[in-house]
Structure formats: C-alpha cells, structure tokens
Amino acid sequence: MPVLPRLTELQPEITTWRRDFHQHPEILFETHRTAGIVAEKLREFGCDIIKTGIGRTGIVGVIKGTKTDSNKVIGLRADMDALPMTEATGLPYASNETGKMHACGHDGHTSMLLGAAKYLSETRNFDGTAVVIFQPAEEGGGGGREMCADGMMDEFGIQEVYGMHNWPGLPLGQFAIRSGAFFAATDLFEIDVVGLGGHAAKPNEAIDTTLVASQIVVALQSIASRNADPMKPLVVSVTSFRTESEAFNVIPERVNLRGTVRTMDVETRVLAQARIKLVCEHTAQAFGATATVDYKKGYPVMSNAPKQTEFAAKVAAQVVGTDNVTTDTPAVMGGEDFAFMLEERPGAYILVGNGDTAMVHHPKYNFNDEAITYGSSYWASLIETAMPFAKVDN
C-alpha cells in the first residue's frame, strides 16, 4: 500500500488549504478561523459526527467505515496553532498577521489530516471508526490536555491514538519513530533574587543581585553535570536575565531569571525541581540575598507504546518502503503535548520528512508541500491497515 493515488490527486487541493492556513496563523486557543474551516470541510466531506468546542476550540470528526463490526475506534491527531513570531520567508503566501507565523508546520499537519479525512470519507474501506482530532494550543497552551479533560477519549470511545510531526533535515519520503520516551517533559522556572540596591561606586554598601544571580546561573549547571545520572538526559537552561535597573551606575535590588528544564524520566524531573530550589536559595544565602523559585510543570514525557510504535512503523513502511523508515530515532529534548493523549490511550507519534528546510521555530521555516502525499497516505493507510474491510464479491 504505497502513496495512495487518490491523495496524489488531492495534493494540489490540500496544498491550497495549507497555504491559506499559513497566511492566517492563529495563536494558542484563538484558532477560531482555522477551526471553522476545518469543521466546514469535515461537513463537506460527509463526516458522520462533527463536534466543535472540545478543549475550547478543538474539533473532532467521526468517520465510520463501511462496516463497524470490529468495534475498533482509532484517533488521529493534528495540531492547528501557530507561533508568536515574525515570518521572514518572503513567500507569496507568507503570514498576513503581524507577529504570528506557522513556524512549526501545524498548517501542514492540519491539511494532511484533512486530506486523509476526505479520502476516508469517500472510500470508507475499513471496518471500524476513525476519529480525526484537530487540536489547538500545542505551542505551550496544553490544548491536548484540555481536549482530554473535556472527556474526548471516552465520549468517542477512542482506543488508540496516533500523532505526526514534520521534521526538517529528514529527507522527503522518509519517516522516523522510536518506542518509549520520545519527546521530553518541559518544565519552566522563574527565580526572583532580592538583595540590597545601591550605588555602583559603593558595592560594599549593597548586596549585588547581579553578582548573586550570575552565580546562580553558573551553579544551576552543576545539576546536570554533578547531581543527575549521566545516563539520563537533563537540560537546565536559563534563558532570561533581567534586572530592575538599566542604569550604568546602579546596583539593582532585584533580578529576575527565567528558564526551562527538559527531562526524559520522572525521577530526573523530580530531582531537577528539588535541586533548582536548593541551589538557588543557598547560593543567594551565601551572598546575603534571597532567592524565590516558582517552578511550573509543563508537558510530561511523550512516550510511544511499543505495540503501537511497531504498527506505526509497519504502516509507514507500506507507504515509503522499509528502507525509508527509521525505528531507532534519537530522543528529542523538545516538548510535545500529544503526551497528554498518550497518557490516556496507547498510541504512537511519528516524524515525517520535511526535506532540507529551516528548522521548526525559525523565522524562515516553511512546511514542504511535497510531504503532503506521504503524510496523508500514512494517515489513511493506518486506518485501513488497522481496521481492514474485506470486500465480498457477489
């Protein structure tokens, strides 16, 4: 079951949808236009059930096969939201929204799943039920968590769930996947350092928070190098350092630090949180200052179920050939809120090649429309392979 001819025929139409989404990016849960178009198209395709407003602005479409005797129900998920950044591609279909850009390819994800939904609605060559899930707010808003919290899995009887993401640097026509922990847990921290402000010419009369905060930044790196198991990945990054003064001759009373923690297992995640608090508080205390840590847990580790991973790789191999599917892909320290769905149901998340393009979250990134037939064919083939329908000749 290679790239499906019907989806090759639909590729120009799907590309048109994708470029329209690209021109009109929407952030987090504000995906009203995108969700509206998705719902309208699902109605045009003849989906059996369409429900809006799940997880605030999420959309779910239900497509029943020619038969449903298998009682199998499989969910396919695509994300819809863009990023709050300015596009620099110069493309004729570049973003029309200032400070908003589809820099992660969610426009492509949405369009590929719509293409598969159109095909599946036309053919219905399967015995069971396909549930297409269009999710808002993957980029930091936890839209997957919100859709699950609204009872999506139980309401539609979803038994397994699958996700996909384009991947720059992975050649077109290739897929990559791994079993187990794939994408990292993503936590955030904010540290407020308070000392005693003063004149820069008299540092002995102040408690220099710039110095204290700098020591904290350096000390935090000891968590990964000296506290964590070296065989378990951990990233602690301070990404923002702000003082309350921009003057050349003022020692500021306060400094604010912000950053992120990435881990691949629960134990390391707990360790990192505890050590960040201790390192900050005690380093500040050594200089006569105080440090308060606000630690926010974000997305959990996204972990692929072994059985579903093996199946997803098999389907991908049907589409592009075994030699074009990597099953031992290195883990990624980026986060992915599909993790919330995988906590509720077994499933697998796969990467589809985007070719030689700028990396995601780069202002010159662009989804490669040539990937559409591979992604849409994978979705459709997954449903037809998981829930085969044997036609009987009369």
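This note goes through a predicted model, taking its sheet, two helix pairs and three single residues in turn.

1. The sheet. Eight strands form an open sheet, in the order β1-β2-β4-β3-β5-β16-β6-β15 and with mixed pairing. At its edges lie β1, residues 49-54, and β15, residues 325-326, each of which pairs on one side only.

2. The β15 edge. Strand β6 covers residues 175-176 and runs parallel to β15, the two being joined over two bridges. In one of these strands sits phenylalanine 175, and the bridge partner of phenylalanine 175 in β15 is valine 325.

3. A helix on the sheet. Helix α2, residues 32-45, packs on the sheet and touches three strands: β1, β2 (58-64) and β4 (129-135). The direction of α2 makes about 15° with that of β2.

4. Helices α2 and α3. The second partner of α2 to look at is helix α3, residues 106-123; the two axes come within 9 Å and cross at roughly 15°. Angles under 35 degrees count as roughly parallel, so α2 is roughly parallel to α3. The crossing of the two is right-handed. On the α2 side, the contact is made by Val38, Lys41, Leu42 and Phe45. On the α3 side, Thr110, Leu114, Ala117, Lys118 and Ser121 take part. Sorted by class, this contact of α2 with α3 holds five nonpolar, two polar and two charged residues.

5. Lysine 118. This residue belongs to helix α3, and Lys118 is among the residues of α3 that meet α2. Is lysine 118 buried or exposed? Lysine 118 counts as buried, because its relative accessibility is 16% and the cut-off for buried is under 20%. Apart from neighbours within four places in sequence, lysine 118 is in contact with Arg6, Leu10, Glu13, Trp17 and Phe45. Of these, Phe45 also appears on the α2 side of the contact between α2 and α3.

6. Helices α1 and α10. Helix α1 spans residues 5-23. Its axis and that of helix α10, residues 372-386, come within 9 Å and cross at roughly 120°. At that angle α1 is oblique to α10. Here too the handedness can be stated: the crossing of α1 and α10 is right-handed. The residues that meet are Leu7, Thr8, Gln11, Ile14 and Thr15 in α1, and Ile372, Thr373, Ser376, Ser377 and Ala380 in α10. By class, the contact of α1 with α10 has four nonpolar and six polar residues, and no charged ones.

7. Histidine 22. Histidine 22 is placed in helix α1. With a relative accessible area of 0%, histidine 22 is buried. Which residues does histidine 22 touch, not counting those up to four places away in sequence? They are Glu87, Tyr93, Ala94, Ser95, His102, Asp107 and Asn366. Measuring from C-alpha to C-alpha, histidine 22 and valine 315 are 28 Å apart in space and 293 residues apart in sequence.

8. Proline 230. The loop between α6 (209-227) and β10 (234-243) holds proline 230. Its relative accessibility is 76%, and therefore proline 230 counts as exposed, the cut-off for exposed being over 50%. The C-alpha atom of proline 230 is separated by 48 Å from that of leucine 42, and the two residues are 188 residues apart along the chain. Leu42 is one of the α2 residues in the contact with α3.

Note on methods:
Residues are numbered from 1 along each chain as its sequence is written. This is a predicted model: local features need pLDDT of at least 70, side-chain atom pairs count only at pLDDT 80 or more; totals for chains, interfaces and linings use all residues. Side-chain values use heavy atoms; hydrogens and water are left out. Two strands pair if DSSP finds at least two bridges between them. Helices (H or I, at least four residues) and strands (E, at least two) are DSSP runs, numbered from the N terminus. Contact means heavy atoms within 4.5 Å. Axes are lines fitted to C-alpha atoms, for helices over the stretch in contact, and angles run from 0 to 180 degrees between N-to-C directions. Buried means under 20% relative accessible area, exposed over 50%, partly exposed in between (1.4 Å probe, protein chains only). Angles under 35 degrees count as roughly parallel, over 145 as roughly antiparallel, 65 to 115 as roughly perpendicular and the rest as oblique. A crossing is left-handed if the near helix is turned anticlockwise from the far one by less than a right angle, and right-handed if clockwise. Ala, Val, Leu, Ile, Met, Phe, Trp, Tyr, Cys and Pro count as nonpolar, Asp, Glu, Lys and Arg as charged, and the others, Gly among them, as polar.
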